[in-house]
Amino acid sequence: MGTFVIKMPDVGEGIAEAELVEWHVKVGDPVTEDMVLAAVMTDKATVEIPSPVEGTVEWIGGEVGEQIAVGAPLLKLEVSGDGNVSADKGAQPKAKPAKEAKPEASKEKPKDEDSSDEEEEEAEASAPEPKAPPKKASEPKRTLSSHSRKEGEKPLAAPSVRLKARERGIDLRFVPGTGPAGRITHEDLDLYVEQGARPGAPSGKMPDSRVTELKVVGLRRKIAEKMALSKSRIAHITYVEEIDMDALEQLRASLNASRKDDRPKLTLLPFLLMAMVKALKEQPNLNAHYDDEAGVVRQFGGVHCGIAAQTRNGLIVPVVRHAEALDLWGAAGEIGRLAEAAKNGTATREELSGSTITITSLGALGGIATTPVINHPEVAIVGVNKMQVRPMWDGTQFVPKKMMNLSSSFDHRVVDGWDAAVFVQRVKALLETPASIFIEE
């Protein structure tokens, strides 16, 4: 038997380290070739680390949230051959006890439990959690029968099991335990839920005094750092204007009705992007980065527009590059492709960086206006609010109109309020007379 050391690969040009965001294995797990072992994050792109060999995990090199340097040992496998440890003696991992990355590590401390309970849980937390015997394929499916403990008898369970039970609203007094001395295991809890049996579970509303601490890691940490940077470095000014969308909605419906099968369905975003591209030709100072340390504003000829997208893991901003070179259908296709890549986690680092201006939208959730946070180091962001029918005065009477607010923020250090208003009014005029978006001047 030998040892095979897997090191942190170079996951992107110029990247010296990456954040470990997820382990897919733990010590003792069997591993097959190409099996995904871990996931790391650079910027906002997540990269999966596969196994090049077959073996058994004997050491893991960090906890979720840690930064791992490129070339540093990431994981050790016990393999049937000689392994590669002899060739890498100079790169032996630092002595560090193997530790499973478990989400259950989040601390929970009920306020109203008495001190004896706390001492017991602390003792349980410091003791290693007994492992349930591995399942055999030939074992018949277990079942749990209803169970109720005596009055005052406290069920035995590890803190992680107690946390899982609280999150699922399960009273552990009614869960049979198959561990040592009747201790309740994760398998017992999972089986109890599968059977759907919750005899004696408390009914009615009960006070909830739980406090759960969740470590901010991965994409959430990246978002937090980026937002803090933007708000600390940029002097935001937000300008809100309402747009009459009747004409554009008629045009959009007409184009969608007659579109070819190979063309994407048009949403509002490609029209807005095209209008912004045209307005930015007249105000290139808004398609820019402000390097406040160097005291330089860098204006870009190409419009690289970030499209903020909400994903299951958090906010991601894929970038439509060179929007000035796209037509309406091309813009729609690229927006759709990037949104899908962001949601399924396949967007590359290059697709998530390099924007010069950004569009963000909370329109689907409603809201009259927002205060978009500029994507540092850009100087402008355009926010889309919900479109809705409102009564508008046409000079003689109120008429129903499809109206939508744009909430746009600007870096007031380099963009005056006047220029911001001129830009928004130009976009408004283009959207309200959408044919003008496509007229070459």
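**Note on the predicted model**

1. Strand S6 (residues 55-60) and strand S8 (residues 73-79) run antiparallel and are joined by four bridges. Within this pairing, Val 57 has Leu 77 of S8 as its bridge partner. The model is a predicted one, and the points below should be read with that in mind.

2. S6 and S8 belong to an open sheet of four strands, ordered S1-S8-S6-S3, in which the pairing is antiparallel. Its edges are strand S1 (2-7) and strand S3 (30-31), each of which pairs on one side only.

3. Another open sheet has four strands in the order S5-S4-S2-S7, again with antiparallel pairing. Strand S5 (45-50) and strand S7 (67-69) are the edge strands here, each paired on one side only. On average, neighbouring strands of this sheet are turned by 40° against each other, with direction ignored.

4. At the S7 edge, strand S2 (residues 17-23) pairs with S7 in the antiparallel sense through three bridges. One pair to look at is Ala 18 and its bridge partner in S7, Ile 68. Helix H4 (residues 218-233) lies across S2, strand S4 (36-42) and S7, and runs at about 135° to S2.

5. The largest nonpolar core has 46 residues, of which Leu 273 and Phe 423 touch the most other members. At least two residues each come from helix H6 (268-282), strand S10 (288-291), strand S12 (305-307), helix H7 (328-344), strand S16 (357-361), strand S17 (380-393), strand S18 (398-411) and helix H8 (417-432). H6 gives the most, with eleven residues. As a general remark, nonpolar side chains tend to be buried together in soluble globular proteins.

6. Which residues does Leu 273 touch, if those up to four places away in sequence are not counted? They are Cys 305, Val 320, Ala 323, Ala 331, Ile 335 and Ile 359. Apart from the largest core lies another core, of 22 residues, among them Ala 18, Val 40, Leu 75 and Leu 77. Two of these residues have appeared above: Ala 18 is the bridge partner of Ile 68, and Leu 77 is that of Val 57.

7. S10 also takes part in a hairpin. S10 and strand S11 (residues 296-299) pair in the antiparallel sense over four bridges, and His 289 stands opposite Arg 298 of S11. Four residues lie between the two strands of the hairpin, and Gly 295 takes a positive phi near 70° there.

8. Asp 244 deserves a separate point. The residue lies in strand S9 (residues 236-244). Is Asp 244 buried or exposed? With a relative accessible area of 19%, Asp 244 counts as buried, because the cut-off for that class is under 20%. The side chains of Asp 244 and Lys 401 are joined by a polar contact of 3.4 Å. Leaving aside neighbours within four places in sequence, Asp 244 is in contact with Lys 401, Lys 402, Met 403, Leu 431 and Glu 432.

9. Totals for the chain are as follows. The secondary structure comes to eight helices and 18 strands. Of the 441 residues, 40% count as buried. The chain exposes about 24200 Å², of which carbon and sulfur atoms supply 53%. Among contacts between residues at least 6 apart in sequence, 66% join residues at least 24 apart.

Note on methods:
Residues are numbered from 1 along each chain as its sequence is written. This is a predicted model: local features need pLDDT of at least 70, side-chain atom pairs count only at pLDDT 80 or more; totals for chains, interfaces and linings use all residues. Side-chain values use heavy atoms; hydrogens and water are left out. Two strands pair if DSSP finds at least two bridges between them. Axes are lines fitted to C-alpha atoms, for helices over the stretch in contact, and angles run from 0 to 180 degrees between N-to-C directions. Contact means heavy atoms within 4.5 Å. A nonpolar core is a set of buried Ala, Val, Leu, Ile, Met, Phe, Trp, Tyr and Cys residues joined through side-chain atoms within 4.5 Å. Buried means under 20% relative accessible area, exposed over 50%, partly exposed in between (1.4 Å probe, protein chains only). A polar contact is a pair of N or O atoms within 3.5 Å; within protein, one must be able to donate a hydrogen and the other to accept it, and residues adjacent in sequence count only if both atoms are side-chain atoms. Accessible areas come from the Shrake-Rupley method with a 1.4 Å probe; for residues, only the protein chains shown count as cover.
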